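Reader: I would like a close look at the charged side chains and how they pair, taken slowly and with every cut-off stated. Once that is done, please carry the account on to the nonpolar interior and the cysteines.

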Amino acid sequence: MRTPVFVILGSPNSPEGELSDISKSRLDYCVNHHGKETLILCSGGWGEHFNTSTWSHADLAKQYLKERGLLEKNFLDFALSKNTVDDAVKIKPIVSKLENAVLTIITSDYHLDRVKLIFNEILEKHTMEFIGVQSNLKTKQYNTLVVHEKKAIQAIIKNRLHY
């Protein structure tokens with residue numbers, strides 16, 4: 001039997017611990033699509049570019065999900081990562097303990113191509129599907145993120161992944 005695992009990648013929150021709309025869109029996908037047997041892996045520790053609060057981003061994400069009815073028994077250990085490469089590196093030992101896991105990697109639409117590139121290398125032995133949740137950002141902010149992602153992908157292609 002396959003074990004469904006939703007892996008929700010970290011994203012910004014405020015210094016006070018308030019989740020961004022980007023974070024909530026990823027978490028809401030999980031709330032709306034998980035099954036009774038779905039395991040949940042929240043990623044995100046701390047970093048100047050996404051979380052300077054007292055709590056890890058994964059803690060904030062788990063709290064949000066539990067407030068919406070997800071049960072403690074469905075949560076796996078956190079991947080307290082600093083960036084997308086670190087997400088994959090820290091997720092790998094957690095999901096490697098599971099038999100027949102099918103990973104659903106949940107990120108945002110603008111981030112999807114880079115996530116696929118990174119995860120397909122680092123977690124190459126795992127069965128994965130990727131979800132790029134619509135980010136609903138203003139056009140200028142969305143376009144800025146798309147440009148950033150394209151540059152990051154080009155850097156990976158040029159310099160390879162280092163982990």
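**Charged pairs and the interior**

Author: K62, K66 and E72 are linked in a network of salt bridges, where a salt bridge is a side-chain nitrogen of Lys or Arg within 4 Å of a carboxyl oxygen of Asp or Glu. The model is a predicted one, in which local features need pLDDT of at least 70 and side-chain atom pairs count only at pLDDT 80 or more, while totals for chains, interfaces and linings use all residues. Residues are numbered from 1 along each chain as its sequence is written, and side-chain values use heavy atoms, with hydrogens and water left out.

Within that network, the side chains of K66 and E72 come together at 2.7 Å, taken from N to O. K66 is partly exposed, at 37% relative accessible area, and E72 is likewise partly exposed, at 43%; the class runs between buried, under 20%, and exposed, over 50% (1.4 Å probe, protein chains only).

The structure holds five salt bridges, and another of them joins the side chains of E67 and R68, with an N to O distance of 3.5 Å. Here the two partners fall into separate classes, since E67 counts as exposed at 54% relative accessibility, whereas R68, at 39%, is partly exposed.

A further bridge pairs D86 with K90, at 3.1 Å from N to O. Both residues belong to helix α3, where they stand four residues apart, about one turn of the helix; helices (H or I, at least four residues) and strands (E, at least two) are DSSP runs, numbered from the N terminus. In this pair the acidic partner, D86, is buried, with a relative accessible area of 16%, while K90 counts as partly exposed at 31%.

Helix α3 also leads inward, for α3 (84–95) is one of the elements that give two or more residues to the largest nonpolar core, the others being β1 (3–8), β2 (39–42), β3 (101–108), α4 (112–122) and β4 (127–133). Such a core is a set of buried Ala, Val, Leu, Ile, Met, Phe, Trp, Tyr and Cys residues joined through side-chain atoms within 4.5 Å. In soluble globular proteins, nonpolar side chains tend to be buried together. The largest core has 25 residues, and the members that touch the most others are L41, I91, I105 and F119.

F119 repays a closer look. Leaving aside residues up to four places away in sequence, F119 touches L9, T84, D87, A88, I91, I105, E124, M128 and F130, a contact being heavy atoms within 4.5 Å. The list therefore takes in both I91 and I105, which share with F119 a place among the best-connected members of the core. Apart from this core lies another, of 19 residues, including I40, L60, A61 and L70.

The cysteines complete the account. The structure holds zero disulfides, a disulfide being a pair of cysteine sulfur atoms within 2.5 Å. C30 is in none, and the cysteine sulfur nearest to its own belongs to C42, 7.1 Å away. The relation holds in the other direction as well, because C42 too is in no disulfide and has the sulfur of C30 as its nearest, at 7.1 Å. Both cysteines are nevertheless shielded, C30 counting as buried at 0% relative accessibility and C42 being buried with a relative accessible area of 0%.
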